[in-house]
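User: Could you take me through this model and justify the terms as you use them?

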Amino acid sequence: MKGIESLLAPPVIALAAFLAACATTPPATGPGVRAELAPTGTLRVAVFTGNPVLGSRDKASGEVTGTTVTMGRALAARADVPARIIEYTAIAKLVEDAKTGEWDIAVFAFDPARRSVVDFAPPHIVVDLTFLVAPGSTIGSVAEADRPGVNIAAARGAATTLYLQREFKQAQVVQADNEPAAFNLLKEGKAQVYAQNRYMLLGLADSLPGARVLEDRFSAAEMSIALPMGRPAALAYVSEFVEQSKKSGTVQRAIETAKLRGVRVAP
């Protein structure tokens, strides 16, 4: 019996290793998956550089970098297709372009209102949404911001804007074309608070003496890979890739490389 057990052991070990690998590796990209994921033969990765949690453009080199670029290139390598980075500076335009298939994947905050345009993979990054309070304002909490006479600056089409329009009942949400323009509303005294993720607001507070970031939050942004609607095979492949990337440390390394404060891997 001992001899039989020794003969069986290698195949059993090999099978166990194979099953473990299958459990942690996305399925191979067949022609159908690849056709949906990168229909032009290249994975077109849309990167919103108005939010440093997602991406940014280096002022010296002009290179677009960040967590979306890292994840997009890793996905392209896994699917064995080249990647092309497409920069967007306005989130509303990025989401709108999903309707015409201008890109294959993008990363932005999950919001139910966006599900009429895109499908979402599971979130891979989470960051608090809160307010930057203007110098001299007495607002000390999120609840105090939702009152008559308070103007909240936010970018048109941003997840923060969509949330505030649904949930805040008394304050006025003042929309700007992009994030810099929304921040300018605060600096110009046209708004008492500016809504965005904590990482962005901490950096902006350093440039506006007297401004402060609230300790509490009104929500949390779950950053997710989005695909234009109607690509079910690609969505399943990307979803598996995301889960594996969280387990393997790829997402954490992307956060650390981008030097993001207050940002964490999604559970």
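Analyst: Axes are lines fitted to C-alpha atoms, for helices over the stretch in contact, and angles run from 0 to 180 degrees between N-to-C directions. The model is predicted, so that local features need pLDDT of at least 70 and side-chain atom pairs count only at pLDDT 80 or more, while totals for chains, interfaces and linings use all residues. Residues are numbered from 1 along each chain as its sequence is written, and side-chain values use heavy atoms, with hydrogens and water left out.

User: What makes H3 and H10 a packed pair, and at what angle do they pack?

Analyst: Helix H3 (residues 67-79) and helix H10 (residues 250-257), both DSSP runs of H or I with at least four residues and numbered from the N terminus, pack at about 145 degrees with axes 9 Å apart. Thr67, Thr70 and Met71 of H3 meet Thr250, Val251, Ala254 and Ile255 of H10, where contact means heavy atoms within 4.5 Å.

User: How do you know how many residues of the contact of H3 with H10 are nonpolar, polar or charged?

Analyst: Ala, Val, Leu, Ile, Met, Phe, Trp, Tyr, Cys and Pro count as nonpolar, Asp, Glu, Lys and Arg as charged, and the others, Gly among them, as polar; the contact therefore divides into four nonpolar, three polar and no charged residues.

User: Why is the set of 71 residues called a nonpolar core?

Analyst: The term covers buried Ala, Val, Leu, Ile, Met, Phe, Trp, Tyr and Cys residues joined through side-chain atoms within 4.5 Å, buried meaning under 20% relative accessible area with a 1.4 Å probe, protein chains only. In this largest core of 71 residues, Trp103, Phe108 and Phe131 touch the most other members, and strand S6 (residues 118-133) gives the largest share, eight residues. A second, separate core of 17 residues includes Phe183 and Met200.

How values were computed. Buried means under 20% relative accessible area, exposed over 50%, partly exposed in between (1.4 Å probe, protein chains only). Helices (H or I, at least four residues) and strands (E, at least two) are DSSP runs, numbered from the N terminus.
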